[in-house]
Protein chains: 2
Amino acid sequence: MITSDSAIAEYAGFARHLSQIAGRIILPHFRAVLAVENKETGARFDPVTIADREAERAMREEITRVYPSHAIFGEEHGVTAGRESLTWILDPIDGTRAFIIGQLHWGVLIALNNGERPIVGLMHQPYTGETVLGSRMGAQWSRDAECNAIKTRSCARIEDAIVCATDPAMFKRNGEREAFDAIARRSKMRRFGGDCYSYCLLAAGLIDLVIEAALKPYDIQPLIPIIEAAGGVVTSWSGKPAYAGGQCIAAGDRDLHRLALEVLSGAANDS
Amino acid sequence: MITSDSAIAEYAGFARHLSQIAGRIILPHFRAVLAVENKETGARFDPVTIADREAERAMREEITRVYPSHAIFGEEHGVTAGRESLTWILDPIDGTRAFIIGQLHWGVLIALNNGERPIVGLMHQPYTGETVLGSRMGAQWSRDAECNAIKTRSCARIEDAIVCATDPAMFKRNGEREAFDAIARRSKMRRFGGDCYSYCLLAAGLIDLVIEAALKPYDIQPLIPIIEAAGGVVTSWSGKPAYAGGQCIAAGDRDLHRLALEVLSGAANDS
(Lines give C-alpha, C1' and ligand atoms only; values in the text may rest on other atoms or scores of the structure.)
Protein backbone atom coordinates (compact mmCIF):
# COMPACT_ATOMS: atom_id res chain seq x y z
CA MET A 1 0.00 0.00 0.00
CA ILE A 2 1.84 3.08 -1.25
CA THR A 3 0.25 6.51 -1.24
CA SER A 4 2.23 9.39 -2.74
CA ASP A 5 2.99 12.62 -0.90
CA SER A 6 0.79 14.54 -3.30
CA ALA A 7 -2.08 12.15 -2.65
CA ILE A 8 -1.57 12.53 1.12
CA ALA A 9 -1.61 16.33 0.74
CA GLU A 10 -4.79 16.13 -1.32
CA TYR A 11 -6.52 13.88 1.22
CA ALA A 12 -5.39 16.12 4.09
CA GLY A 13 -6.91 19.11 2.30
CA PHE A 14 -10.10 17.14 1.69
CA ALA A 15 -10.26 16.21 5.39
CA ARG A 16 -10.13 19.94 6.21
CA HIS A 17 -12.90 20.56 3.69
CA LEU A 18 -15.05 17.81 5.24
CA SER A 19 -14.51 19.19 8.74
CA GLN A 20 -15.68 22.63 7.60
CA ILE A 21 -18.85 21.09 6.18
CA ALA A 22 -19.46 19.26 9.45
CA GLY A 23 -18.65 22.32 11.56
CA ARG A 24 -21.13 24.52 9.72
CA ILE A 25 -23.88 21.97 10.38
CA ILE A 26 -22.93 21.33 14.00
CA LEU A 27 -22.33 24.88 15.24
CA PRO A 28 -25.96 26.14 15.17
CA HIS A 29 -26.86 23.21 17.46
CA PHE A 30 -24.14 23.99 19.99
CA ARG A 31 -25.69 25.48 23.14
CA ALA A 32 -29.08 25.51 21.45
CA VAL A 33 -31.95 23.47 22.81
CA LEU A 34 -31.03 20.01 21.62
CA ALA A 35 -33.24 17.05 20.87
CA VAL A 36 -31.11 14.49 22.62
CA GLU A 37 -31.97 10.91 21.79
CA ASN A 38 -30.76 7.92 23.75
CA LYS A 39 -28.85 5.51 21.53
CA GLU A 40 -28.93 2.62 23.99
CA THR A 41 -31.92 1.20 25.78
CA GLY A 42 -29.91 0.38 28.90
CA ALA A 43 -29.05 2.61 31.81
CA ARG A 44 -25.95 4.14 30.25
CA PHE A 45 -26.39 7.69 29.05
CA ASP A 46 -25.19 8.03 25.47
CA PRO A 47 -26.61 11.14 23.87
CA VAL A 48 -26.84 11.46 20.14
CA THR A 49 -27.75 14.76 18.66
CA ILE A 50 -29.33 15.82 15.42
CA ALA A 51 -26.11 17.70 14.74
CA ASP A 52 -24.12 14.47 14.96
CA ARG A 53 -26.25 12.64 12.41
CA GLU A 54 -26.69 15.51 9.96
CA ALA A 55 -22.99 16.35 9.99
CA GLU A 56 -22.04 12.73 9.26
CA ARG A 57 -24.63 12.47 6.48
CA ALA A 58 -23.24 15.61 4.80
CA MET A 59 -19.66 14.36 5.07
CA ARG A 60 -20.64 10.97 3.60
CA GLU A 61 -22.37 12.65 0.68
CA GLU A 62 -19.30 14.76 -0.03
CA ILE A 63 -16.96 11.74 0.14
CA THR A 64 -19.22 9.75 -2.20
CA ARG A 65 -19.32 12.68 -4.62
CA VAL A 66 -15.55 13.30 -4.68
CA TYR A 67 -14.14 9.81 -4.05
CA PRO A 68 -16.89 7.36 -5.03
CA SER A 69 -14.52 4.38 -4.80
CA HIS A 70 -13.54 5.06 -1.16
CA ALA A 71 -15.15 3.27 1.77
CA ILE A 72 -16.70 5.06 4.75
CA PHE A 73 -16.99 4.06 8.41
CA GLY A 74 -18.89 6.55 10.53
CA GLU A 75 -20.04 6.58 14.16
CA GLU A 76 -23.65 7.30 13.32
CA HIS A 77 -24.38 5.59 10.00
CA GLY A 78 -21.94 2.65 9.97
CA VAL A 79 -20.03 1.19 7.03
CA THR A 80 -20.33 1.95 3.31
CA ALA A 81 -18.13 -0.46 1.35
CA GLY A 82 -15.68 0.89 -1.23
CA ARG A 83 -13.94 -0.47 -4.31
CA GLU A 84 -10.49 0.27 -2.90
CA SER A 85 -8.81 -0.06 0.47
CA LEU A 86 -9.02 3.61 1.46
CA THR A 87 -11.62 4.21 4.18
CA TRP A 88 -12.76 7.52 5.64
CA ILE A 89 -13.39 7.20 9.37
CA LEU A 90 -15.83 9.78 10.73
CA ASP A 91 -16.79 10.82 14.26
CA PRO A 92 -18.82 13.99 13.71
CA ILE A 93 -18.87 14.98 17.39
CA ASP A 94 -16.30 13.31 19.60
CA GLY A 95 -17.11 14.39 23.15
CA THR A 96 -20.89 14.38 22.85
CA ARG A 97 -21.33 14.79 26.60
CA ALA A 98 -19.11 17.90 26.60
CA PHE A 99 -21.03 19.19 23.58
CA ILE A 100 -24.49 18.87 25.07
CA ILE A 101 -23.53 20.69 28.27
CA GLY A 102 -21.84 23.52 26.37
CA GLN A 103 -18.22 22.70 27.25
CA LEU A 104 -15.50 23.26 24.64
CA HIS A 105 -13.42 20.05 24.60
CA TRP A 106 -15.16 18.27 21.73
CA GLY A 107 -14.47 18.12 18.04
CA VAL A 108 -15.08 16.69 14.59
CA LEU A 109 -12.76 13.71 14.03
CA ILE A 110 -11.79 12.48 10.58
CA ALA A 111 -9.23 9.86 9.54
CA LEU A 112 -8.25 8.26 6.27
CA ASN A 113 -7.25 4.63 6.74
CA ASN A 114 -5.24 2.89 3.99
CA GLY A 115 -6.46 -0.60 4.87
CA GLU A 116 -3.72 -1.08 7.43
CA ARG A 117 -3.60 2.07 9.49
CA PRO A 118 -4.76 5.71 9.58
CA ILE A 119 -2.53 7.86 7.35
CA VAL A 120 -4.31 11.22 7.70
CA GLY A 121 -5.96 12.43 10.93
CA LEU A 122 -7.83 15.59 11.83
CA MET A 123 -9.60 17.23 14.80
CA HIS A 124 -11.70 20.34 14.22
CA GLN A 125 -13.39 22.46 16.91
CA PRO A 126 -15.92 24.64 15.05
CA TYR A 127 -16.69 26.98 17.96
CA THR A 128 -13.06 28.03 18.49
CA GLY A 129 -12.19 27.59 14.81
CA GLU A 130 -9.25 25.32 15.56
CA THR A 131 -8.04 22.49 13.32
CA VAL A 132 -5.31 20.00 14.23
CA LEU A 133 -4.04 17.89 11.34
CA GLY A 134 -1.47 15.12 11.06
CA SER A 135 0.04 12.89 8.40
CA ARG A 136 3.57 11.83 7.44
CA MET A 137 3.86 15.38 5.98
CA GLY A 138 3.79 16.75 9.57
CA ALA A 139 1.44 17.94 12.30
CA GLN A 140 -0.10 21.42 12.48
CA TRP A 141 -2.46 23.33 14.76
CA SER A 142 -4.30 26.07 12.88
CA ARG A 143 -6.82 28.75 13.78
CA ASP A 144 -8.02 31.44 11.41
CA ALA A 145 -4.95 32.63 9.50
CA GLU A 146 -2.50 31.12 11.99
CA CYS A 147 -0.94 27.70 11.38
CA ASN A 148 1.82 26.30 13.60
CA ALA A 149 3.78 23.07 13.41
CA ILE A 150 3.40 21.14 16.67
CA LYS A 151 5.58 18.61 18.43
CA THR A 152 5.37 16.59 21.62
CA ARG A 153 7.68 17.44 24.51
CA SER A 154 10.29 15.40 26.31
CA CYS A 155 9.22 13.94 29.64
CA ALA A 156 11.09 10.81 30.62
CA ARG A 157 9.63 10.26 34.13
CA ILE A 158 6.08 9.56 35.30
CA GLU A 159 6.78 11.90 38.23
CA ASP A 160 7.17 14.84 35.79
CA ALA A 161 4.18 13.94 33.63
CA ILE A 162 0.79 15.56 33.25
CA VAL A 163 -1.74 12.81 32.59
CA CYS A 164 -5.28 13.20 31.23
CA ALA A 165 -8.35 11.02 30.82
CA THR A 166 -11.84 12.01 29.81
CA ASP A 167 -13.59 10.52 32.82
CA PRO A 168 -12.72 8.09 35.62
CA ALA A 169 -15.95 6.21 34.80
CA MET A 170 -14.43 4.97 31.51
CA PHE A 171 -12.28 2.48 33.46
CA LYS A 172 -14.83 -0.28 33.93
CA ARG A 173 -12.89 -3.51 33.43
CA ASN A 174 -11.01 -5.34 36.16
CA GLY A 175 -7.85 -3.52 37.17
CA GLU A 176 -8.24 -0.62 34.74
CA ARG A 177 -8.99 2.05 37.31
CA GLU A 178 -6.25 0.78 39.62
CA ALA A 179 -3.70 0.85 36.78
CA PHE A 180 -4.71 4.38 35.79
CA ASP A 181 -4.62 5.56 39.41
CA ALA A 182 -1.18 4.00 39.94
CA ILE A 183 0.19 6.28 37.21
CA ALA A 184 -1.95 9.30 38.12
CA ARG A 185 -0.82 9.16 41.76
CA ARG A 186 2.86 9.24 40.75
CA SER A 187 2.34 11.96 38.13
CA LYS A 188 2.78 15.70 38.59
CA MET A 189 -0.82 16.44 37.64
CA ARG A 190 -3.91 14.47 36.63
CA ARG A 191 -6.86 16.09 34.84
CA PHE A 192 -10.22 14.71 33.78
CA GLY A 193 -12.43 16.04 30.97
CA GLY A 194 -10.77 16.17 27.60
CA ASP A 195 -12.02 13.76 24.92
CA CYS A 196 -10.22 14.28 21.58
CA TYR A 197 -8.90 17.64 22.72
CA SER A 198 -6.49 16.00 25.21
CA TYR A 199 -4.72 14.09 22.44
CA CYS A 200 -4.20 17.33 20.52
CA LEU A 201 -2.78 19.01 23.64
CA LEU A 202 -0.39 16.06 23.92
CA ALA A 203 0.64 16.46 20.28
CA ALA A 204 1.29 20.15 20.97
CA GLY A 205 3.60 19.40 23.90
CA LEU A 206 1.26 20.68 26.61
CA ILE A 207 0.59 17.38 28.36
CA ASP A 208 2.48 14.09 28.47
CA LEU A 209 0.09 11.15 28.75
CA VAL A 210 -3.48 10.35 27.79
CA ILE A 211 -4.64 7.01 29.20
CA GLU A 212 -8.14 5.86 28.33
CA ALA A 213 -10.29 2.77 27.90
CA ALA A 214 -13.43 1.68 26.08
CA LEU A 215 -12.63 3.79 23.00
CA LYS A 216 -14.12 3.08 19.58
CA PRO A 217 -11.93 2.91 16.43
CA TYR A 218 -13.30 6.29 15.26
CA ASP A 219 -12.42 7.87 18.65
CA ILE A 220 -8.72 7.11 18.31
CA GLN A 221 -7.77 6.56 14.61
CA PRO A 222 -8.04 10.27 13.66
CA LEU A 223 -5.70 11.19 16.52
CA ILE A 224 -2.96 8.65 15.75
CA PRO A 225 -1.47 10.38 12.65
CA ILE A 226 -1.50 13.70 14.54
CA ILE A 227 0.40 12.34 17.54
CA GLU A 228 2.83 10.25 15.49
CA ALA A 229 3.64 13.17 13.19
CA ALA A 230 4.24 15.33 16.27
CA GLY A 231 6.76 12.81 17.64
CA GLY A 232 4.56 10.86 20.04
CA VAL A 233 3.32 7.29 20.23
CA VAL A 234 -0.14 5.73 20.57
CA THR A 235 -0.69 2.07 21.42
CA SER A 236 -2.95 -0.26 23.35
CA TRP A 237 -2.09 -0.90 27.01
CA SER A 238 -0.02 -3.89 25.92
CA GLY A 239 1.94 -1.86 23.36
CA LYS A 240 0.11 -3.09 20.27
CA PRO A 241 -1.44 -0.87 17.58
CA ALA A 242 -4.41 1.08 18.94
CA TYR A 243 -6.40 1.19 15.70
CA ALA A 244 -9.24 -0.88 17.15
CA GLY A 245 -9.76 1.42 20.14
CA GLY A 246 -10.38 -0.17 23.53
CA GLN A 247 -7.60 0.54 26.03
CA CYS A 248 -5.37 3.28 24.56
CA ILE A 249 -2.33 5.16 25.76
CA ALA A 250 -0.77 8.16 24.03
CA ALA A 251 2.59 9.50 25.14
CA GLY A 252 4.64 12.44 23.96
CA ASP A 253 7.91 10.76 24.96
CA ARG A 254 8.90 7.18 24.07
CA ASP A 255 10.67 6.54 27.36
CA LEU A 256 7.60 7.68 29.27
CA HIS A 257 5.46 5.42 27.09
CA ARG A 258 7.62 2.43 28.02
CA LEU A 259 7.45 3.25 31.74
CA ALA A 260 3.67 3.70 31.62
CA LEU A 261 3.22 0.38 29.78
CA GLU A 262 5.06 -1.40 32.60
CA VAL A 263 2.22 -0.28 34.90
CA LEU A 264 -0.67 -0.66 32.45
CA SER A 265 0.22 -3.98 30.85
CA GLY A 266 -0.98 -5.92 33.89
CA ALA A 267 -4.50 -4.65 33.19
CA ALA A 268 -4.25 -5.00 29.39
CA ASN A 269 -6.97 -7.13 27.79
CA ASP A 270 -5.25 -7.69 24.42
CA SER A 271 -1.91 -9.08 25.60
CA MET B 1 -25.68 50.34 51.19
CA ILE B 2 -27.57 51.64 48.17
CA THR B 3 -26.02 51.66 44.71
CA SER B 4 -28.04 53.17 41.87
CA ASP B 5 -28.81 51.37 38.62
CA SER B 6 -26.65 53.83 36.72
CA ALA B 7 -23.74 53.15 39.07
CA ILE B 8 -24.21 49.38 38.64
CA ALA B 9 -24.21 49.81 34.86
CA GLU B 10 -21.06 51.89 35.07
CA TYR B 11 -19.28 49.33 37.25
CA ALA B 12 -20.40 46.48 34.98
CA GLY B 13 -18.92 48.34 32.01
CA PHE B 14 -15.72 48.93 33.96
CA ALA B 15 -15.52 45.23 34.83
CA ARG B 16 -15.68 44.46 31.09
CA HIS B 17 -12.93 47.01 30.50
CA LEU B 18 -10.75 45.44 33.21
CA SER B 19 -11.27 41.96 31.78
CA GLN B 20 -10.14 43.14 28.36
CA ILE B 21 -6.96 44.57 29.88
CA ALA B 22 -6.32 41.28 31.67
CA GLY B 23 -7.14 39.21 28.60
CA ARG B 24 -4.69 41.10 26.38
CA ILE B 25 -1.91 40.40 28.90
CA ILE B 26 -2.82 36.79 29.51
CA LEU B 27 -3.43 35.59 25.96
CA PRO B 28 0.17 35.69 24.67
CA HIS B 29 1.11 33.37 27.55
CA PHE B 30 -1.60 30.82 26.75
CA ARG B 31 -0.02 27.71 25.22
CA ALA B 32 3.35 29.42 25.16
CA VAL B 33 6.23 28.02 27.16
CA LEU B 34 5.35 29.18 30.64
CA ALA B 35 7.61 29.92 33.58
CA VAL B 36 5.49 28.16 36.15
CA GLU B 37 6.39 28.98 39.73
CA ASN B 38 5.26 26.96 42.69
CA LYS B 39 3.33 29.14 45.14
CA GLU B 40 3.53 26.67 48.00
CA THR B 41 6.55 24.90 49.37
CA GLY B 42 4.58 21.73 50.17
CA ALA B 43 3.81 18.85 47.91
CA ARG B 44 0.62 20.33 46.45
CA PHE B 45 0.95 21.56 42.89
CA ASP B 46 -0.32 25.11 42.63
CA PRO B 47 1.02 26.80 39.52
CA VAL B 48 1.19 30.54 39.25
CA THR B 49 2.06 32.07 35.94
CA ILE B 50 3.62 35.32 34.95
CA ALA B 51 0.38 36.02 33.11
CA ASP B 52 -1.59 35.74 36.35
CA ARG B 53 0.54 38.26 38.18
CA GLU B 54 0.94 40.77 35.36
CA ALA B 55 -2.76 40.73 34.55
CA GLU B 56 -3.69 41.41 38.18
CA ARG B 57 -1.14 44.20 38.46
CA ALA B 58 -2.55 45.91 35.37
CA MET B 59 -6.13 45.59 36.64
CA ARG B 60 -5.14 47.01 40.03
CA GLU B 61 -3.44 50.00 38.39
CA GLU B 62 -6.52 50.71 36.31
CA ILE B 63 -8.85 50.47 39.34
CA THR B 64 -6.60 52.80 41.35
CA ARG B 65 -6.53 55.27 38.45
CA VAL B 66 -10.30 55.32 37.85
CA TYR B 67 -11.69 54.61 41.34
CA PRO B 68 -8.92 55.58 43.78
CA SER B 69 -11.27 55.28 46.77
CA HIS B 70 -12.23 51.66 46.05
CA ALA B 71 -10.58 48.72 47.80
CA ILE B 72 -9.02 45.75 45.95
CA PHE B 73 -8.70 42.08 46.90
CA GLY B 74 -6.78 40.00 44.39
CA GLU B 75 -5.63 36.41 44.28
CA GLU B 76 -2.02 37.28 43.56
CA HIS B 77 -1.32 40.57 45.29
CA GLY B 78 -3.72 40.55 48.26
CA VAL B 79 -5.65 43.46 49.77
CA THR B 80 -5.38 47.19 49.07
CA ALA B 81 -7.59 49.10 51.54
CA GLY B 82 -10.05 51.69 50.22
CA ARG B 83 -11.82 54.73 51.63
CA GLU B 84 -15.25 53.29 50.90
CA SER B 85 -16.90 49.92 51.21
CA LEU B 86 -16.72 48.96 47.50
CA THR B 87 -14.09 46.27 46.86
CA TRP B 88 -12.97 44.86 43.51
CA ILE B 89 -12.32 41.13 43.78
CA LEU B 90 -9.88 39.83 41.16
CA ASP B 91 -8.89 36.34 40.05
CA PRO B 92 -6.90 36.94 36.87
CA ILE B 93 -6.82 33.26 35.84
CA ASP B 94 -9.37 31.01 37.49
CA GLY B 95 -8.55 27.50 36.37
CA THR B 96 -4.76 27.81 36.37
CA ARG B 97 -4.29 24.06 35.88
CA ALA B 98 -6.52 24.10 32.80
CA PHE B 99 -4.64 27.16 31.54
CA ILE B 100 -1.17 25.67 31.79
CA ILE B 101 -2.14 22.50 29.94
CA GLY B 102 -3.85 24.43 27.16
CA GLN B 103 -7.46 23.51 27.99
CA LEU B 104 -10.19 26.11 27.49
CA HIS B 105 -12.25 26.09 30.69
CA TRP B 106 -10.53 28.94 32.52
CA GLY B 107 -11.24 32.63 32.73
CA VAL B 108 -10.64 36.06 34.19
CA LEU B 109 -12.94 36.57 37.20
CA ILE B 110 -13.93 40.01 38.49
CA ALA B 111 -16.48 40.98 41.15
CA LEU B 112 -17.48 44.23 42.79
CA ASN B 113 -18.45 43.68 46.43
CA ASN B 114 -20.47 46.40 48.22
CA GLY B 115 -19.21 45.49 51.69
CA GLU B 116 -21.92 42.88 52.16
CA ARG B 117 -22.04 40.88 48.96
CA PRO B 118 -20.91 40.85 45.31
CA ILE B 119 -23.18 43.10 43.22
CA VAL B 120 -21.42 42.80 39.84
CA GLY B 121 -19.76 39.61 38.58
CA LEU B 122 -17.90 38.76 35.38
CA MET B 123 -16.13 35.83 33.69
CA HIS B 124 -14.04 36.46 30.57
CA GLN B 125 -12.35 33.81 28.40
CA PRO B 126 -9.85 35.72 26.23
CA TYR B 127 -9.08 32.85 23.82
CA THR B 128 -12.71 32.30 22.81
CA GLY B 129 -13.60 35.98 23.30
CA GLU B 130 -16.53 35.17 25.59
CA THR B 131 -17.73 37.36 28.46
CA VAL B 132 -20.44 36.41 30.96
CA LEU B 133 -21.71 39.26 33.12
CA GLY B 134 -24.26 39.46 35.91
CA SER B 135 -25.78 42.10 38.20
CA ARG B 136 -29.31 43.00 39.29
CA MET B 137 -29.65 44.51 35.77
CA GLY B 138 -29.55 40.95 34.35
CA ALA B 139 -27.18 38.26 33.10
CA GLN B 140 -25.67 38.13 29.60
CA TRP B 141 -23.31 35.89 27.64
CA SER B 142 -21.50 37.82 24.91
CA ARG B 143 -18.99 36.97 22.20
CA ASP B 144 -17.83 39.41 19.53
CA ALA B 145 -20.92 41.30 18.38
CA GLU B 146 -23.36 38.77 19.88
CA CYS B 147 -24.89 39.32 23.33
CA ASN B 148 -27.62 37.06 24.73
CA ALA B 149 -29.55 37.21 27.96
CA ILE B 150 -29.14 33.92 29.85
CA LYS B 151 -31.28 32.12 32.38
CA THR B 152 -31.05 28.91 34.35
CA ARG B 153 -33.34 26.01 33.46
CA SER B 154 -35.93 24.16 35.51
CA CYS B 155 -34.82 20.81 36.92
CA ALA B 156 -36.66 19.78 40.04
CA ARG B 157 -35.16 16.28 40.53
CA ILE B 158 -31.61 15.12 41.19
CA GLU B 159 -32.32 12.21 38.80
CA ASP B 160 -32.73 14.69 35.91
CA ALA B 161 -29.75 16.86 36.81
CA ILE B 162 -26.37 17.29 35.18
CA VAL B 163 -23.82 17.93 37.92
CA CYS B 164 -20.30 19.31 37.53
CA ALA B 165 -17.22 19.73 39.70
CA THR B 166 -13.73 20.78 38.69
CA ASP B 167 -11.97 17.74 40.14
CA PRO B 168 -12.79 14.90 42.55
CA ALA B 169 -9.57 15.74 44.42
CA MET B 170 -11.09 18.99 45.70
CA PHE B 171 -13.22 17.00 48.17
CA LYS B 172 -10.65 16.50 50.92
CA ARG B 173 -12.57 16.93 54.18
CA ASN B 174 -14.43 14.19 55.97
CA GLY B 175 -17.59 13.18 54.16
CA GLU B 176 -17.23 15.64 51.28
CA ARG B 177 -16.48 13.09 48.57
CA GLU B 178 -19.19 10.77 49.82
CA ALA B 179 -21.76 13.59 49.82
CA PHE B 180 -20.79 14.64 46.29
CA ASP B 181 -20.86 11.03 45.06
CA ALA B 182 -24.27 10.45 46.64
CA ILE B 183 -25.69 13.20 44.41
CA ALA B 184 -23.56 12.36 41.36
CA ARG B 185 -24.67 8.71 41.45
CA ARG B 186 -28.34 9.69 41.42
CA SER B 187 -27.87 12.35 38.72
CA LYS B 188 -28.35 11.94 34.97
CA MET B 189 -24.74 12.91 34.22
CA ARG B 190 -21.65 13.94 36.18
CA ARG B 191 -18.71 15.77 34.57
CA PHE B 192 -15.35 16.84 35.96
CA GLY B 193 -13.17 19.67 34.66
CA GLY B 194 -14.87 23.03 34.58
CA ASP B 195 -13.62 25.69 37.01
CA CYS B 196 -15.44 29.01 36.54
CA TYR B 197 -16.78 27.90 33.18
CA SER B 198 -19.16 25.37 34.80
CA TYR B 199 -20.92 28.10 36.77
CA CYS B 200 -21.48 30.07 33.56
CA LEU B 201 -22.90 26.97 31.85
CA LEU B 202 -25.27 26.62 34.80
CA ALA B 203 -26.33 30.27 34.47
CA ALA B 204 -26.99 29.62 30.76
CA GLY B 205 -29.29 26.67 31.50
CA LEU B 206 -26.92 23.99 30.15
CA ILE B 207 -26.22 22.20 33.43
CA ASP B 208 -28.09 22.02 36.74
CA LEU B 209 -25.68 21.73 39.65
CA VAL B 210 -22.11 22.70 40.44
CA ILE B 211 -20.92 21.24 43.74
CA GLU B 212 -17.41 22.13 44.89
CA ALA B 213 -15.24 22.54 47.97
CA ALA B 214 -12.10 24.37 49.06
CA LEU B 215 -12.93 27.46 46.99
CA LYS B 216 -11.47 30.89 47.76
CA PRO B 217 -13.68 34.00 47.97
CA TYR B 218 -12.33 35.23 44.61
CA ASP B 219 -13.21 31.87 42.98
CA ILE B 220 -16.91 32.18 43.77
CA GLN B 221 -17.87 35.85 44.38
CA PRO B 222 -17.64 36.86 40.67
CA LEU B 223 -19.98 33.99 39.75
CA ILE B 224 -22.71 34.71 42.31
CA PRO B 225 -24.22 37.81 40.63
CA ILE B 226 -24.20 35.97 37.28
CA ILE B 227 -26.07 32.94 38.61
CA GLU B 228 -28.50 34.95 40.76
CA ALA B 229 -29.36 37.29 37.88
CA ALA B 230 -29.95 34.22 35.68
CA GLY B 231 -32.43 32.81 38.19
CA GLY B 232 -30.19 30.40 40.11
CA VAL B 233 -28.93 30.16 43.65
CA VAL B 234 -25.45 29.82 45.18
CA THR B 235 -24.88 28.93 48.83
CA SER B 236 -22.59 26.98 51.12
CA TRP B 237 -23.42 23.31 51.70
CA SER B 238 -25.47 24.34 54.74
CA GLY B 239 -27.47 26.90 52.76
CA LYS B 240 -25.64 30.02 54.01
CA PRO B 241 -24.12 32.75 51.82
CA ALA B 242 -21.16 31.43 49.83
CA TYR B 243 -19.19 34.69 49.75
CA ALA B 244 -16.33 33.24 51.77
CA GLY B 245 -15.82 30.27 49.42
CA GLY B 246 -15.17 26.86 50.96
CA GLN B 247 -17.93 24.35 50.22
CA CYS B 248 -20.19 25.84 47.54
CA ILE B 249 -23.25 24.66 45.67
CA ALA B 250 -24.82 26.41 42.69
CA ALA B 251 -28.19 25.29 41.38
CA GLY B 252 -30.27 26.49 38.47
CA ASP B 253 -33.51 25.45 40.15
CA ARG B 254 -34.48 26.31 43.76
CA ASP B 255 -36.23 22.98 44.34
CA LEU B 256 -33.15 21.10 43.15
CA HIS B 257 -31.01 23.25 45.43
CA ARG B 258 -33.15 22.29 48.43
CA LEU B 259 -32.95 18.56 47.55
CA ALA B 260 -29.18 18.71 47.09
CA LEU B 261 -28.71 20.51 50.42
CA GLU B 262 -30.52 17.66 52.17
CA VAL B 263 -27.68 15.41 51.02
CA LEU B 264 -24.80 17.86 51.40
CA SER B 265 -25.69 19.43 54.76
CA GLY B 266 -24.45 16.37 56.65
CA ALA B 267 -20.95 17.11 55.38
CA ALA B 268 -21.21 20.90 55.77
CA ASN B 269 -18.51 22.48 57.90
CA ASP B 270 -20.23 25.83 58.50
CA SER B 271 -23.57 24.60 59.91
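**Entry 1: the interface**

I began where chain A meets chain B, and the rule finds six salt bridges across that interface. I note at once that this is a predicted model. I looked up one pair by name. A:E130 and B:R31 join their side chains in a salt bridge, 2.8 Å from N to O. I then counted polar contacts between the two chains. There are 15 residue pairs in polar contact, both residues at pLDDT 80 or more.

Next I asked which elements of chain A give two or more residues to the side that touches chain B. I found α3 (96-100), β9 (138-143), β11 (162-165), β12 (189-192) and α5 (196-203). The largest share comes from β12(A), with four residues. I sorted this side of chain A by class. It has 17 nonpolar, six polar and nine charged residues.

I also took the totals. On contacts, 32 residues of chain A meet 33 residues of chain B. The two chains bury about 3100 Å² between them. Of that area, 57% is on carbon and sulfur atoms. Three residues caught my eye: A:I101, A:Q103 and A:R191. Together they supply 23% of the area that chain A buries against chain B, more than any other three residues.

**Entry 2: a threonine in a loop**

I moved to B:T128. Which strands lie on either side of its loop? The loop of B:T128 runs between β7 (118-125) and β8 (130-135) of chain B. Is B:T128 buried or exposed? I read a relative accessibility of 3% for B:T128, so the residue counts as buried.

I then listed its neighbours, leaving out residues up to four places away in sequence. B:T128 touches A:L104, A:Y127, A:T128 and A:R143 of chain A, and B:R143 of chain B. I looked at its side chain as well. The side chain of B:T128 makes a polar contact with the side chain of B:E130, at 2.5 Å.

**Entry 3: helix α8 of chain A**

I turned to helix α8 of chain A, residues 254-264. Its buried residues are A:L256, A:H257, A:A260, A:L261 and A:L264. Why do I place them on the same side of α8(A)? They cover an arc of only 135 degrees around the axis, and that puts them on the same side. A general point helps here. An α-helix has 3.6 residues a turn, so residues three or four places apart point the same way.

I checked what covers these buried residues. The cover includes α4 (176-186), β13 (209-215), β14 (233-236) and β15 (246-251) of chain A. I also looked at the start of α8(A). There a side-chain oxygen of A:D253 comes to within 2.8 Å of the backbone nitrogen of A:D255.

**Entry 4: the α8 helix of chain B**

I went over to helix α8 of chain B, residues 254-264. Here I followed B:R258. Its side chain meets that of B:D255 in a salt bridge, 3.9 Å from N to O. The two residues are three apart in the helix, so about one helical turn separates them. B:R258 also forms a salt bridge with B:E262, at 3.8 Å from N to O. This pair is four residues apart, again about one helical turn.

I noted how open each residue is. B:D255 is partly exposed, with a relative accessible area of 40%. B:R258 is partly exposed too, at 45%. B:E262 counts as exposed, at 54% relative accessibility. I looked back at chain A after that. Salt bridges with shared partners join A:D255, A:R258 and A:E262 into one network.

**Entry 5: a salt bridge across the sequence**

I counted salt bridges over all chains and got 26 by this rule. I picked out A:E159 and A:R186, whose closest N and O atoms are 3.1 Å apart. Where do the two residues lie? A:E159 is in the loop between β10 (146-149) and β11 of chain A, and A:R186 is in helix α4. The salt bridge therefore ties together parts that are 27 residues apart in sequence. A:E159 is partly exposed, at 31% relative accessible area. A:R186 is also partly exposed, at 38%.

**Entry 6: a last check**

I closed with A:V66, which is in helix α2 (residues 50-66) of chain A. A:V66 is partly exposed, with a relative accessible area of 33%. I set it against A:H77. A:V66 and A:H77 are 11 residues apart in sequence and 19 Å apart in space, C-alpha to C-alpha.

Key:
Residues are numbered from 1 along each chain as its sequence is written. Chains are lettered from A and ligands numbered from 1 in the order in which they are written. This is a predicted model: local features need pLDDT of at least 70, side-chain atom pairs count only at pLDDT 80 or more; totals for chains, interfaces and linings use all residues. Side-chain values use heavy atoms; hydrogens and water are left out. Contact means heavy atoms within 4.5 Å. Buried area is the accessible area (1.4 Å probe) that two parts lose on being put together, summed over both. A salt bridge is a side-chain nitrogen of Lys or Arg within 4 Å of a carboxyl oxygen of Asp or Glu. A polar contact is a pair of N or O atoms within 3.5 Å; within protein, one must be able to donate a hydrogen and the other to accept it, and residues adjacent in sequence count only if both atoms are side-chain atoms. Ala, Val, Leu, Ile, Met, Phe, Trp, Tyr, Cys and Pro count as nonpolar, Asp, Glu, Lys and Arg as charged, and the others, Gly among them, as polar. Buried means under 20% relative accessible area, exposed over 50%, partly exposed in between (1.4 Å probe, protein chains only). The arc is that of the directions from the helix axis to the C-beta atoms.
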